[in-house]
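Colleague: Could you walk me through this model with a few questions and answers?
Modeller: Gladly, here it is.

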Amino acid sequence: MKIHACMRPDVMDANTLLDILLFILPAYVANAFPVIAGGRGPKLDFGRGLGDGRRVFGDGKTVVGFIAGVFAGWVCAVVIAMYYQIPGFAGTDAQIFCGFMLGFGTMLGDAFGSFIKRRLGREPGSQFILDQLMFLAVALVFAYPFAPQWVYTPFIIVGLFIVTYFLHIGSNILANRLKLKKVPW
Ligand code: CTP
Ligand code: MG
């Protein structure tokens, strides 16, 4: 097997960064899309609560948003695969499936983050560290069995969490300026 440059941080080059970006992009697209497409129709928890008197996920998580996120992640993976082969995948189908799992994991992680927020008594729309990182964590876990090994090195994984944290904050400020979100987080 060809050793990918990312296994060695000292030789990480622009090409490697592009590979990482295109690998993780379906997760980012899935995470961003519900802000545009969601917010309408039945809630993911259908309005139900738990024994603690709080909603399961809350009004911020809708069925349409969830499906739109998974779908957008998949479309993103298909489009990338049409133009670019990320090293380490057995073929186009494997690359697309991994992208799909990233999007699916993203939406599950997003809902799971809301679940925890509700249990902690935080309102939907409030700011919390899980907003930035839970989707990425679950996406990476779900994609793991299907992803190239070179991605799952401590250097890249920690780097992804750090970059994602700031990218998420920046993109939410942008979404707020564009009037897509009520709050800048
Ligand atoms: N959204 C949706 N369905 C989802 C996820 C998000 O419809 N599964 C939409 C909702 O309109 C939501 C907006 O995207 O308000 C922003 O998403 P997010 O910040 O994740 O939700 P919050 O409203 O902040 O709620 P929470 O505190 O539960 O994260
Ligand atoms: Mg939010």
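Colleague: Is Val183 buried, partly exposed or exposed?
Modeller: In this predicted model, local features need pLDDT of at least 70, side-chain atom pairs count only at pLDDT 80 or more, and totals for chains, interfaces and linings use all residues. Residues are numbered from 1 along each chain as its sequence is written, chains are lettered from A and ligands numbered from 1 in the order written, and side-chain values use heavy atoms, leaving out hydrogens and water. Buried means under 20% relative accessible area, exposed over 50%, and partly exposed in between (1.4 Å probe, protein chains only). Val183 has 27% relative accessibility, so this residue counts as partly exposed.

Colleague: Which residues is Val183 in contact with, leaving aside its neighbours within four places in sequence?
Modeller: Val183 lies in the segment after helix 5 (154-177); helices are DSSP runs of H or I, at least four residues, numbered from the N terminus. Taking contact as heavy atoms within 4.5 Å, the partners of Val183 beyond those neighbours are Gly125, Asn172 and Asn176.

Colleague: Which helix supplies the largest share of the largest nonpolar core?
Modeller: Such a core is a set of buried Ala, Val, Leu, Ile, Met, Phe, Trp, Tyr and Cys residues joined through side-chain atoms within 4.5 Å. Here the largest has 23 residues, with Leu140 among those touching the most other members. Helix 1 (14-37), helix 2 (63-83), helix 3 (92-119), helix 4 (129-143) and helix 5 each supply at least two residues. The largest share, six residues, comes from helix 1.
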